[in-house]
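Please look at how the protein chains and the DNA strands fit together here. The report below goes through the contacts one by one.

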2 protein chains.
Amino acid sequence: MIDTKTRILDTAERLFGDQGYGATSLRQIITEAGVNLAAIHYHYGSKEELLDQVVMRKADPVNRERLEALDRLEAAAGGGPAPIEAILEAFLAPALTRVAANPEFSKLMGRMLGEGLMPSLARKHFRTVANRFTTALARALPHLSAVELRWRTHFLIGAMAHMLCSKPEGNSALEGVELQRATRRLVTFVSGGLRAPAADDPKTEVKLG
Amino acid sequence: MIDTKTRILDTAERLFGDQGYGATSLRQIITEAGVNLAAIHYHYGSKEELLDQVVMRKADPVNRERLEALDRLEAAAGGGPAPIEAILEAFLAPALTRVAANPEFSKLMGRMLGEGLMPSLARKHFRTVANRFTTALARALPHLSAVELRWRTHFLIGAMAHMLCSKPEGNSALEGVELQRATRRLVTFVSGGLRAPAADDPKTEVKLG
DNA sequence: GTCTATACTGAGATAGAC
DNA sequence: GTCTATCTCAGTATAGAC
């Protein structure tokens, strides 16, 4: 039989995914997992820490996929910069495919970004991914200053997060072809935004600063 | 003395803004407002309804500003479409200036979008704004189909919401000139995304549909 | 119509026995 | 490591005073 700690994590993942974080009580988790209430606090400390662990276990494969895709891209590009659309797809597709696999859980992930409650623990796990992709984008977008690029990736994350947790009105499920199309829409939009002329060129800086 | 109903609303607004929705208890609100616990349920029915009212009272002036700005734009444009950047600024600037005025409350507004807990009541109040701006954007972006435009405005909302509730790393306060610059960055990014060639041109539609 | 006092149910957290 | 019992605090509901 699986040990208590793992059984809690499995059950929490399922329930958080199905119902959301706030709507799931620890008592429901322990009932379905067949463990004692205090076991959660013994193994995880608090409900929020438990969420951390659940999210991290889900996020790790996504980030691994992202890095592998980027590796392939950079190998294919030889020494030069990789194409922007390809970089974006390498970053976005692994997350968006999870929408199809488990809509509720993706909603939770997107929500966490939106709520700004992505905790220090989880943030660390995204550091490598963030650095690699920022570097790749910087090489592909030499017209942007570092600070401008940081803002634009911020907007990119926002667009992705909002897509993870809700769909535009009139759209139903995102499966198969629909998902691919939606991903392409997002890639198109964001690459358009990234390619826009820099807003902080020296001339403007002087005028405003 | 202000009546009970208003005093509850004022106090709730301040506390939700300072601490967030989840972290604020009704008992804290009634203590600081000097009213009875049941008065909240008498006047507002539930905590969530109270949030609705708080948000709506804040959102209404923002939306009025937006519509007035759009009115001016369309008057200036005569019969033709208004410039994309101007439309975007009319929509985004009124919301973003609130970031400077009350960072915590803006965080809450952004969070609500992200959490998808924007309730039916509040959603209704954004309908007029959404329709007017969607129409204006559709005229300025004739190369986009209705469905493509809906997706792109969805991404636009995501970028805005994420900016409302968090700033890119390394940035401190958004005041005065910094705020104007950040607004311009967002306008630039989004207009780039909106202008990108349509991803759902007929050829692709036929192939996928 | 408004408001107060109080009780109810369920949440997360914790101390201490085993 | 695990479990029982208990604590505090949340949102909600209702009976009845003015």
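What follows covers the symmetry, one helix pair and the two DNA strands.

This is a predicted model, in which local features need pLDDT of at least 70, side-chain atom pairs count only at pLDDT 80 or more, and totals for chains, interfaces and linings use all residues. Residues are numbered from 1 along each chain as its sequence is written, chains are lettered from A and ligands numbered from 1 in the order in which they are written, and side-chain values use heavy atoms, leaving out hydrogens and water.

**Two copies.** Chain A superposes on chain B after a rotation of 180° with 0.0 Å of shift along its axis, at an RMSD of 0.2 Å. The fit is by least squares on the C-alpha atoms of residues with pLDDT of at least 70 in both copies. The copies are thus related as by a two-fold rotation axis. Both use the same surface: 100% of the contact residues of chain A recur in chain B. Contact means heavy atoms within 4.5 Å.

**A helix pair.** Helices are DSSP runs (H or I, at least four residues), numbered from the N terminus. In α8(A), V147(A), E148(A), W151(A), R152(A), F155(A) and L156(A) meet residues of α9(B), namely A182(B), R185(B), L186(B), T188(B) and F189(B). This contact has seven nonpolar, one polar and three charged residues. Here Ala, Val, Leu, Ile, Met, Phe, Trp, Tyr, Cys and Pro count as nonpolar, Asp, Glu, Lys and Arg as charged, and the others, Gly among them, as polar.

**DNA strand D.** A residue is near a strand if one of its heavy atoms lies within 4 Å of it. Of the 14 residues around strand D, the nearest are N36(A), H43(A), L26(B), R27(B) and K47(B). Sugar and phosphate make up 51% of the strand D atoms within 4 Å of the protein. The surface near strand D has five nonpolar, seven polar and two charged residues.

**DNA strand C.** Strand C has 15 residues around it. α3(B) gives the most to this surface, with four residues. By class, the surface has six nonpolar, seven polar and two charged residues.

**Polar contacts.** For protein and DNA, these are pairs of N or O atoms within 3.5 Å.

| Side chain (N or O atom) | DNA atom | Distance |
|---|---|---|
| S25(B) | phosphate oxygen, strand D | 3.2 Å |
| R27(B) | base nitrogen, strand D | 2.4 Å |
| H41(B) | phosphate oxygen, strand D | 3.2 Å |
| K47(A) | phosphate oxygen, strand C | 3.0 Å |
| H43(B) | phosphate oxygen, strand C | 2.5 Å |

Note on methods. Helices (H or I, at least four residues) and strands (E, at least two) are DSSP runs, numbered from the N terminus. A polar contact is a pair of N or O atoms within 3.5 Å; within protein, one must be able to donate a hydrogen and the other to accept it, and residues adjacent in sequence count only if both atoms are side-chain atoms.
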